[in-house]
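Let's take a walk through this structure together, one neighbourhood at a time. Keep the viewer open and click along as we go.

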Amino acid sequence: MENPFNNTEIAFSLKSNRELRKAHFLFKMMGYPSLVNFGSAVMMKSLQWKLPVKGLIKHTVFEHFCGGTTEEECESVVKRMYEKGVSSILDYSVEGKEDEADFNAVVDKKLKLIKHAAHSDALYFEVVKPTGIGRFYIWQKVTEKKELTAA
């Protein structure tokens, strides 16, 4: 199958003209680092204060970069992309937790996604972020080649 990124007609065939205009606008705005930093800070504060911004996030950045919040939601996007020769990654991105129960839940979810990917030609591999399955300061010590203790 031809590499879809060598042919813009194939590469963009999954998107409608409206979706392409929306993506163009999104990327144009992302070209302004100060706007991105400001927008990110406002969104984070809005989420902390439980302001109703989830819909805005879902219909802009999330909609462009994500296929859904569950494997089931992602299946139609994964299938459409694979039909165009593009594999997908189901990535469960969680980090910054401090509780063992949270780490164990992420490990369980990642194992489920790995098994799911193993049975799908459209899902080429699975990504695991170490900071999702362990404390940041431990990974920092490992990176800095510092000694780890039982504590």
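Before we start, one cut-off: a residue is called buried under 20% relative accessible area, exposed over 50%, and partly exposed in between. Keep in mind, too, that this is a predicted model.

With that cut-off in hand, pick out Phe 125. Its relative accessible area is 41%, so it falls in the partly exposed class. Tyr 124 comes out at 65%, which makes it exposed. Now look at how the two rings sit: the centres of Tyr 124 and Phe 125 are 6.1 Å apart and the planes meet at 80°, so this is an edge-to-face pair.

How many aromatic pairs does the structure hold? There are 2 of them. Besides the one we just saw, Phe 27 and Phe 65 pair up, with ring centres 5.8 Å apart and planes at 70°, so this pair is edge-to-face. Phe 27 belongs to helix α2 (residues 17-30) and Phe 65 to helix α4 (residues 54-65), so the pair links parts of the chain that are 38 residues apart in sequence. Are these rings buried or exposed? Something in between: Phe 27 is partly exposed at 44% relative accessible area, and Phe 65 is partly exposed at 46%.

Next, go to the loop between α5 (71-83) and α6 (100-118), where you'll find Ser 88. Ser 88 has a relative accessibility of 9%, so it counts as buried. What does Ser 88 touch, leaving out residues up to four places away in sequence? Its contacts are Val 78, Met 81, Ala 122, Leu 123, Tyr 124 and Phe 125, which brings us back to the ring pair of Tyr 124 and Phe 125. Val 86 is in the loop between α5 and α6 too, and at 17% relative accessibility it counts as buried. For a sense of scale, the C-alpha atoms of Val 86 and Glu 144 are 37 Å apart, with 58 residues separating them in sequence.

Now follow the chain into α6. At its N-terminal end, Asp 99 acts as a cap, with a side-chain oxygen 2.9 Å from the backbone nitrogen of Ala 101. Does the helix length add up or not? At 1.5 Å a residue, the 19 residues of α6 should span 27 Å, and the end C-alpha atoms are indeed 27 Å apart, so the two agree.

Which residues of α6 are buried? They are Phe 103, Val 106, Lys 110, Leu 113 and Ala 117. Looking down the axis of α6, these buried residues fall within an arc of 90°, so they line one face of the helix. The background is simple: an α-helix has 3.6 residues a turn, so residues three or four places apart point the same way. The buried residues of α6 pack against α5 and α7 (130-133), while the face turned away from them carries the exposed residues Asp 108, Lys 115 and Ala 118.

One name in that buried list deserves a second look: Lys 110, at 4% relative accessibility, counts as buried. A polar atom of the Lys 110 side chain lies 2.3 Å from the backbone oxygen of Val 127. Not counting residues up to four places away in sequence, Lys 110 touches Asp 91, Tyr 92, Glu 126, Val 127 and Val 128. Tyr 92 has another lysine to deal with: the charged end of Lys 109 sits over the Tyr 92 ring, 5.8 Å from its centre.

Note on methods
Residues are numbered from 1 along each chain as its sequence is written. Side-chain values use heavy atoms; hydrogens and water are left out. Rings of Phe, Tyr and Trp (its six-membered ring) pair if their centres lie within 6.5 Å; planes under 30 degrees apart count as stacked, over 60 as edge-to-face and the rest as tilted. Helices (H or I, at least four residues) and strands (E, at least two) are DSSP runs, numbered from the N terminus. Buried means under 20% relative accessible area, exposed over 50%, partly exposed in between (1.4 Å probe, protein chains only). A charge sits over a ring if NZ of Lys or CZ of Arg is within 6 Å of the ring centre and within 35 degrees of the ring normal. Contact means heavy atoms within 4.5 Å. The expected span of a helix is 1.5 Å times one less than its number of residues. The arc is that of the directions from the helix axis to the C-beta atoms. A polar contact is a pair of N or O atoms within 3.5 Å; within protein, one must be able to donate a hydrogen and the other to accept it, and residues adjacent in sequence count only if both atoms are side-chain atoms.
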